[in-house]
Amino acid sequence: MELTANKFKANASKALVDAQLQKALGNVQKGFIGKRQKAADALPEFDELRDNARDIKNHVLAHLDLYLEEYERKVTAAGGHVHWAETAEDARRIVLDICQKANARTVTKGKSMITEEIALNDHLAANGIEPVETDLGEYIIQLRGEHPSHIIAPAVHLNKEQVEGDFRRVHTHLAKDRDLSEPVSLLSEAREVLRQRYFAADVGITGANFLIAETGTSVIVTNEGNGDLTQTLGKVHVVVASIEKIVPTLEDTSQILRVLARSATGQDMSVYTTFSTGPKREEDPDGPDEYHVVLLDNGRSAMLGTEYQDMLRCIRCGACMNHCPVYHAVGGHAYGSVYPGPMGAVLTPSLNGIDETGQLPNASTFCGRCESVCPMRIPLPKMMRHWREREFERNLTPAVARYGLKAWAFFAKRPKLYRLAASFGMPLLSLFGGTSRRFHSLPLAGGWTRHRDLPAPEGRTFLQAWAQREALKQEPLKQEAGQ
Amino acid sequence: MSARDTVLSKIRASMRVPDSDDVRRKTVAERLESTPTGVIPARAKLPKAGQVDLFCAMAEQFGATLARVSDYKAVPAEVATYLRSRNLPAEIRMGADKRLKKAGWETEKNLEIRHGASDGGDLSGVSHAMAGIAETGTLALASGQDNPTTINFLPEHHIVVLKASDIKGDMESVWAMLRKARGKGEMPRAFNLVTGPSRSGDIEQTILLGAHGPRALHVIVVE
């Protein structure tokens, strides 16, 4: 997709007044937050598992080269093929080559963010191979020519009426007067239409949630079963996965699985967790004749050993965006990049460079909810702050913000002056706050007040309020001492 | 330099490690050999009877239906009853699993049994699970002639037979079973962990059953 990360502010402004989108975004909070909390609460060991999941991935990242070698050895021993891709372009070329060798006309796809990252669909289509997305959400947005707005709920920005419109537009072979008013009828229709596509496809492409070094296994975690049909019914199964998906053993996979579904959808386990090892064997009545894994680097090796290394622990559960107030307000498309939300704000600058993506690490209130729910304990706000520092160092921050920061720094470095200015400013602002105690518009703060009010200060500065609070705390002590 | 060597050397350069580092190699080899288990939820640590009950309760919680029968001889009748109760034709697809074959299907004279992999035309399929995981009510199914993978996904109704003694408390016990059966580091081509029937929440985050896989999952536990 075209990267428009640096149009975040403009994209966000549009998103805030998009009534359809705002209605759909209500489902994010409704659909994810309570369910995750309930699932986490029901497992007393949840936080201990998070610690262990973090430690497992840290161990993997410290030995990534060696685990990759072991993984490759095991895949090859099981009759599979491992292809290494340094860049997105390399990965596209490798996948196309495999498809062409299989004389593929259509390929089915399981849901995969990595194939979004390498823009695989466009590349296949440009070379005469039709890619068919089979995950319901991915299928819907493919019909619309859109990209996922969420990493696990790609069509979360849409309402059912929009989906109905798309199905009527595309599925013209079906009766015009059919009833599609309920989500279940939309689901049934997609099921029927896609059933035929699995059997017609020559190649099935999936991503991977894990690559297990011990056994040379790729793992997909899904609820619909489309990924399994994709990889079982095609003659060739291609797995596209990035290098940090490695885990050492089956036991390590179990540890992370216990936090993955709970953090993502609030399920104890997703419906289908599938372990695939090599192609069809002699005694097998089904399964693909060929099994390929494309291992993608695309900038990840350069993140190792830097302040962004922790990001490589990410298991793409989506909890960070499900709990992000910015994501709730503007949705995933506003980020203008493959990966939206807090994890995208950290990962995208690593993959695409801070020059093109500087607005993303700024698209955060630093409320810290993303870090507090991250199953892999990734310090997302800290890393966004690192990116902001990089941006500032490289003079990429807009002039107004730079001058603003400089003006603030001038006062911040002179505490007496700061307090003096504040002790004049706060009562003044309080006075202008009037009876409503809110500002509907403020000079120099239009970006804030256009979409919400600014509460008027109550008149005292923070330091004054703090001093008074401390004094009150001392009061009872003094009384006690006196008695 | 090959793409493989480029990626590996980039990783080593970023981590500032040499490519021949015996200490790191030893650490990796030891971890792969010892397969440490980590944190096992307390709810999985139950005596055997408790594990079977927990499995049944969890499987039902996640949308499966459940029947407990006394022995394999009771399986064909249970399958027939299930099909009748759902108004399904008396036809099933089944693999070559010996435990299923020996169940004595001749008692169900009207039941048509098709063997081998599913071609997509089956409404109901019967599989035998390798194990059950009590912790989450999850079935573990291994691919092969005995239980073709396509039966797990193509039929609308998936009926899975499971021996009560194969129900384990946690996922880790199933890995131990696999290693015992196939040797360390060896896996069936496809190994499916199944928890409930297929579902999707992709339209307005409303959970609907029967997305691409089976609309219904029926588990028959053989005591």
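**Figure 1. Chain B of the predicted model contains seven helices and 12 strands.** The model shown here is predicted. Along its principal axes, the box filled by the C-alpha atoms of chain B is roughly 70 × 40 × 40 Å. Chain B has 223 residues, and 49% of them count as buried. Among its contacts between residues at least 6 apart in sequence, 74% join residues at least 24 apart.

**Figure 2. Six strands of chain B form an open sheet.** The order of the strands is β1-β12-β7-β4-β2-β3, and the pairing is parallel. The edges are taken by β1 (65-69) and β3 (112-115) of chain B; each has a single partner strand, so one side of each is left without a neighbour in the sheet. With direction ignored, neighbouring strands of this sheet are turned by 25 degrees against each other on average.

**Figure 3. Strand β2 of chain B runs parallel to β3(B).** This view shows one pair from the sheet in detail. Strand β2 covers residues 91-94 of chain B, and four bridges join it to β3(B). Across the pair, Met94(B) stands opposite His115(B), a residue of β3(B).

**Figure 4. Helix α4 of chain B lies across five strands of its own chain, namely β1, β2, β4, β7 and β12.** The helix consists of residues 75-85 of chain B. Of the strands it crosses, β4 spans 124-128, β7 spans 157-163 and β12 spans 216-222. The angle between helix α4 of chain B and β12(B) is about 155 degrees.

**Figure 5. Chain B touches chain A through 62 of its residues.** On the other side, 79 residues of chain A take part. The elements of chain B that give two or more residues to its side are α1, α2 (22-34), α6 (149-153), α7 (171-182), β9 (190-194) and β10 (199-200). The largest share, 10 residues, comes from α1(B). By class, the side of chain B that touches chain A has 24 nonpolar, 26 polar and 12 charged residues.

**Figure 6. Helix α4 of chain A meets helix α1 of chain B.** The axes of α4(A), residues 64-77, and α1(B), residues 3-15, come within 9 Å and cross at roughly 155 degrees. The two helices are therefore roughly antiparallel to each other. Leu64(A), Asp65(A) and Leu68(A) are in contact with Leu8(B), Ile11(B) and Arg12(B). Sorted by class, this contact has four nonpolar, no polar and two charged residues.

**Figure 7. A strand from each chain pairs in the antiparallel sense.** The strands are β9 of chain A, residues 272-276, and β9(B), and the pairing extends over five bridges. Tyr272(A) stands opposite Val194(B), which belongs to β9(B).

**Figure 8. Strand β4 of chain A pairs with β7(A) in the parallel sense and also runs parallel to β2(A).** Three bridges join β2(A), residues 106-109, to β4(A), where Val203(A) is the bridge partner of Val107(A). The pairing of β4(A) with β7(A), residues 236-242, has four bridges, and Val239(A) is the bridge partner of Thr206(A). Within β4(A), residues 203-206, Val203(A) and Ile205(A) point one way, while Gly204(A) and Thr206(A) point the other way. All of these β4(A) residues are buried.

**Figure 9. Chain A is divided into two domains, domain 1 and domain 2.** Domain 1 covers 43-302, and domain 2 covers 412-482. Their C-alpha centres lie 52 Å apart.

Definitions and conventions:
Residues are numbered from 1 along each chain as its sequence is written. Chains are lettered from A and ligands numbered from 1 in the order in which they are written. This is a predicted model: local features need pLDDT of at least 70, side-chain atom pairs count only at pLDDT 80 or more; totals for chains, interfaces and linings use all residues. Axes are lines fitted to C-alpha atoms, for helices over the stretch in contact, and angles run from 0 to 180 degrees between N-to-C directions. Angles under 35 degrees count as roughly parallel, over 145 as roughly antiparallel, 65 to 115 as roughly perpendicular and the rest as oblique. Two residues are in contact if their C-beta atoms, placed from the backbone, lie within 7 Å. Ala, Val, Leu, Ile, Met, Phe, Trp, Tyr, Cys and Pro count as nonpolar, Asp, Glu, Lys and Arg as charged, and the others, Gly among them, as polar. Domain bounds come from an automatic or database domain assignment. A residue is buried if 20 or more other C-beta atoms lie within 10 Å of its own, exposed if 12 or fewer, and partly exposed in between; C-beta atoms are placed from the backbone. Two strands pair if DSSP finds at least two bridges between them.
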